[in-house]
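Hi,

Here is the structure I promised to pass on. Have a look at it first, and then read on for what turned up.

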Amino acid sequence: VADLLGLQLADRGEFFRWDSAAGRVRLDMHIDTDETHSTHMMEDGEFALGEERGIVGKAAEQRFPVNIGNLQQDPRWIPFDPTLCSGLWVSILHEQTLLGVLCLFSKRLHAFTNKDERLLVLFANQVAVAMENARLFQAQGKRTIEIETLRQASLHATSTLELPQVLEQILQYTLQLMASDNAHLFLYDG
């Protein structure tokens, strides 16, 4: 978003992250080019899909750019900063899965063109790829830790023939793998 602001496309940029569990987009970050207005924030920076209050929820639901040339004329607009005149919202999608919404605002009326829309869509696509790569990297790191824990458990389990020690180590590694506080192991005496 800072790169887009640096291109003089906008005076403010916002990123709303999709929370699939809550079914809402939440304001994750904002950047202002004018430090004096950086304190202007929405009181409630989260919106449900398709919510009529605000525009970001509608943009997330529709999944195509929303370009409003005169914010003051749109009844959905929440005027959190009176200096902003126009806005552009683009959904961030990865394989049709919503990840978030990028928003740009300008102090000029009708500031964003169709070319700006296409540019923001391209940028949102790059953001989606970066977000997915970060998710995959995090998942790979978790998987590596799990495999190493299983390897250590296997080594310790085969290092002794004493059943109580083997069972205790199985429980310890199970707790570690499952991120749990308590585990029980019941033996069947048949």
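To start with a small one: does Cys85 count as buried or exposed? With a relative accessibility of 18%, Cys85 falls on the buried side, because the cut-off for that class is under 20%. Keep in mind as you read that this is a predicted model.

While we're on cysteines: searching the whole structure for disulfides gives zero. Cys85 is in none, and the nearest cysteine sulfur to it, that of Cys103, sits 16 Å away. Why does Cys103 stay unpaired? Its closest cysteine sulfur is the one in Cys85, and 16 Å is too far for a bond. Cys103 is buried as well, at a relative accessible area of 1%.

Now the sheet. It is an open one with six strands, and the order runs β3-β2-β1-β6-β5-β4, with antiparallel pairing. At the edges you'll find β3 (46-48) and β4 (66-68), each of which pairs on one side only. On average, neighbouring strands are turned by 20° against each other, if you ignore direction.

Strand β1 (residues 12-19) is a good place to look in detail. On one side there is β2 (residues 24-32), and the two pair in the antiparallel sense over eight bridges. In that pairing, Arg12 stands opposite Asp32 of β2. β1 and β2 also make a hairpin, with four residues between them, and Gly23 in the turn has a positive phi of about 70°. β1 pairs with β6 (residues 97-106) too, again antiparallel, over six bridges. There, Phe16 stands opposite Val101 in β6.

On to the charges. The search over the whole structure finds twelve salt bridges. One of them joins the side chains of Arg12 and Glu14, at 2.9 Å from N to O. Both partners are buried: that goes for Arg12 and for Glu14.

Another salt bridge is the one between Asp19 and Arg26, where the closest N and O atoms are 2.1 Å apart. Are these two buried or partly exposed? Asp19 is partly exposed, since its relative accessible area is 24%, and Arg26 counts as partly exposed because its relative accessibility is 29%.

Then there is Glu46, which forms a salt bridge with Arg24, with 2.8 Å between the closest N and O atoms. This pair links distant parts of the chain: Glu46 belongs to strand β3 and Arg24 to strand β2, 22 residues apart. Through shared partners, salt bridges tie Asp19, Arg24, Arg26, Glu46, Glu51 and Arg53 into one network. If you want a view to save, I'd put that group on screen together with the hairpin.

Last, something on the surface. Which residues form the nonpolar patch there? They are Leu163, Ile170, Leu185 and Leu187, and together they have about 370 Å² of accessible area. Ile170 lies in helix α4, which covers residues 163-178. At a relative accessibility of 38%, Ile170 counts as partly exposed.

That's what I have for now. Shout if anything looks odd when you open the file.

Cheers

How values were computed
Residues numbered from 1 in each chain as written. Predicted model: local features only at pLDDT ≥ 70, side-chain atom pairs only at ≥ 80, totals over all residues. Heavy atoms only, no water. Disulfide = S-S within 2.5 Å. Buried < 20%, exposed > 50% of the residue type's maximum accessible area, 1.4 Å probe, protein only. Patch = residues over 30% accessible without salt bridge, like charges linked within 9 Å, V, L, I, M, F, W, Y side chains within 5 Å. Areas by Shrake-Rupley, 256 points an atom, 1.4 Å probe, with all protein chains shown as cover. Salt bridge = Lys/Arg side-chain N within 4 Å of Asp/Glu carboxyl O. Pairing = 2+ DSSP bridges. Axes fitted to C-alpha atoms, helices over the stretch in contact; angles between N-to-C directions.
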